[in-house]
Amino acid sequence: MDKQHSVFSGIQPTGELHLGNYLGAVANWVRLQDNYDCRYCVVDLHAMTMPYDIAELRANTENMLIGLLACGIDPARANLCLQSLVPEHTELQWVFSCVCAYGDLMRQTQFKDKMDQLEGQQGAFISAGLFTYPVLQAADILLYRADYVPVGKDQEQHLELSREIARRFNFQFGEFFPEPRALATPTPKVLSLADPTRKMSKSLGPKHYVGLFEEEKSVRAKVRSAVTDTGEGAGEGMSPGVENLFSLLAACGDPAVHAALLKEYEAGNRRYALLKDAVADALVALTSRLRARRAEIAADVPGMWKQVRAMSEVSRDAARATLREVRKLTGLPSL
Ligand code: TYM
């Protein structure tokens, strides 16, 4: 056991958990619990950076907490906290805003993508919070002085900025923060089933993602209509859609089935119905198991909140200890 090293990761409560979240990050969160000092956080403050509905944020936050517990985040082995219940996240964010270069924030591709998404909408409002989002993310991680951050590929740039912020802080005020490193799964970028040139994401719409608790019928329908190729390009590399299906199968299915289908593919048999059936079977097995577990946890929502509040208090103690040091190092009085 290496409980000496710490792990931190976060997820936005912006809708239901999907396969991309699970295979890119959350499955790793579950795996790491025995070997590291793990803290996972539902980052509701981050979800305020885009226009949102108040009741929806409340419901999504609750659903995300229930969903993560259903995936196997275990309060006996890891801490699951809610960002807004630990106000030290935003206090550290301010300190980091003063050591983070404006130019570095300008270069964040996620900010540019979201700007493009918003600018196309009538009366769109682009908040300053959207711009400073990665500074809050750095504060999330460094508040607990985390060594490792299990995330999908899309978070690499944010993580590099967190390291840069740690370096700048340490240079200016003295060595204090470790430089956190990303931990990836074998599927760091799960692609959309309907458009395999893009990553699987809720914001693209329902046909692009498979929800982790989705019913069998719609899971099968989505996999059946997944974009592949005409099967005529033998000799060329795998098309992104087919590669995505194989990687879903490798991550969730029976290794023998995966190996047999891959052999068929390599032998030039490129009719994809069997591949799709195998992927659908694997995903249905996963989502059915998770749905049953979710129902158990959802049967006691007040109990779930009690646990999350208690775990957030534990996180707060750790957060306060970091900020006491940060206050000393930066010349601020102690509280
Ligand atoms: P979020 O909420 O968009 O996604 C949560 C996690 O899921 C991963 N992920 C994917 N992985 C592979 N393929 C996909 N299609 C896919 N879609 C999502 C993400 O990489 C992420 O690991 N900024 C973060 C939240 C955050 C955070 C943090 C993460 C805030 N503070 C501190 C780590 C540490 C985000 O928006 O993730």
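Helices here are DSSP runs of at least four residues, numbered from the N terminus. With that in hand, let's take a walk around this structure, which is a predicted model.

**Closed spaces inside**

Start with the holes. There are 2 cavities of 30 Å³ or more. The largest cavity holds about 90 Å³ of space. Who lines it? Helix 10 gives the largest share of that lining, with 3 residues. Both helix 10 (255-266) and helix 11 (273-298) supply at least two residues each. The full lining of the largest cavity reads Phe 246, Leu 261, Glu 264, Tyr 265, Asn 269, Arg 271, Tyr 272, Leu 274 and Leu 275. Sorted by class, that makes 6 nonpolar, 1 polar and 2 charged residues.

The second largest cavity comes in at about 70 Å³. Around this one you'll find Gln 108, Gln 110, Phe 111, Lys 114, Leu 130, Tyr 133, Pro 134 and His 158. Two elements give two or more residues to that lining: helix 5 (109-119) and helix 6 (128-143). The class split for the second largest cavity is 4 nonpolar, 3 polar and 1 charged.

**An open space**

Pockets are open rather than closed off. The second largest pocket has a volume of about 220 Å³. It is lined by 13 residues, and Leu 23, Ala 27, Arg 31, Ala 251 and Cys 252 are the ones nearest its centre. Helix 1 (19-32), helix 9 (240-252) and helix 11 each give two or more residues to this pocket lining. As for character, 8 of the lining residues are nonpolar, 3 are polar and 2 are charged.

**Around the ligand**

The model also has a ligand, and 26 residues surround it. The closest are Tyr 133, Gln 137, Asp 140, Asp 154 and Val 190. Tyr 133 is a name you have met already, since it is listed in the lining of the second largest cavity. Some polar contacts reach nitrogen atoms of the ligand, and the table sets them side by side.

| Residue | Part of the residue | Distance to a ligand nitrogen atom |
|---|---|---|
| Gly 20 | backbone N or O atom | 3.1 Å |
| Tyr 133 | polar side-chain atom | 2.6 Å |
| Gln 155 | side-chain N or O atom | 3.0 Å |

So Gly 20 makes its contact through the backbone, while Tyr 133 uses a side-chain atom, and Gln 155 does so too.

**Three arginines**

Now for some single residues, beginning with Arg 327. You'll find Arg 327 in helix 12 (residues 301-330). Is Arg 327 buried or exposed? Arg 327 counts as buried because its relative accessibility is 16%, and the cut-off for buried is under 20%. A polar atom of the Arg 327 side chain lies 2.6 Å from the backbone oxygen of Pro 333. Pro 333 also turns up among the contacts of Arg 327, along with Glu 91, Leu 332, Ser 334 and Leu 335, once neighbours within four places in sequence are set aside.

Arg 198 sits in a loop, the one between strand 5 (181-183) and helix 8 (216-224). With a relative accessible area of 42%, Arg 198 is partly exposed. Not counting residues up to four places away in sequence, Arg 198 touches Leu 191, Ser 192 and Leu 204. Asn 244 is 46 residues away from Arg 198 in sequence, and their C-alpha atoms are 11 Å apart in space.

Arg 145 is in a loop as well, between helix 6 and strand 4 (148-150). Its relative accessible area of 34% makes Arg 145 partly exposed. What stands out in the backbone is the phi angle of Arg 145: a positive value, near 50 degrees, in a residue other than glycine.

**A buried cysteine**

Last stop: Cys 100, in the loop between helix 3 (88-97) and helix 4 (102-106). Why does Cys 100 count as buried? Because its relative accessibility is 13%, and anything under 20% falls in that class. Beyond its neighbours within four places in sequence, Cys 100 is in contact with Leu 105, Val 135, Leu 161 and Ile 165. Val 135 is 35 residues from Cys 100 along the chain, with 7.4 Å between the two C-alpha atoms.

Methods. Residues are numbered from 1 along each chain as its sequence is written. This is a predicted model: local features need pLDDT of at least 70, side-chain atom pairs count only at pLDDT 80 or more; totals for chains, interfaces and linings use all residues. Side-chain values use heavy atoms; hydrogens and water are left out. On a 1 Å grid over the protein atoms alone, a cavity is a set of points where a 1.4 Å probe fits but cannot get out, and a pocket is an open set with protein on both sides within 12 Å along at least five of seven lines; lining residues have an atom within 4 Å of a point. Grid points are joined across faces, edges and corners, and a volume is the space filled by probe spheres set on the points. Ala, Val, Leu, Ile, Met, Phe, Trp, Tyr, Cys and Pro count as nonpolar, Asp, Glu, Lys and Arg as charged, and the others, Gly among them, as polar. Buried means under 20% relative accessible area, exposed over 50%, partly exposed in between (1.4 Å probe, protein chains only). Contact means heavy atoms within 4.5 Å. A residue is near a molecule or strand if one of its heavy atoms lies within 4 Å of it. A polar contact is a pair of N or O atoms within 3.5 Å; within protein, one must be able to donate a hydrogen and the other to accept it, and residues adjacent in sequence count only if both atoms are side-chain atoms.
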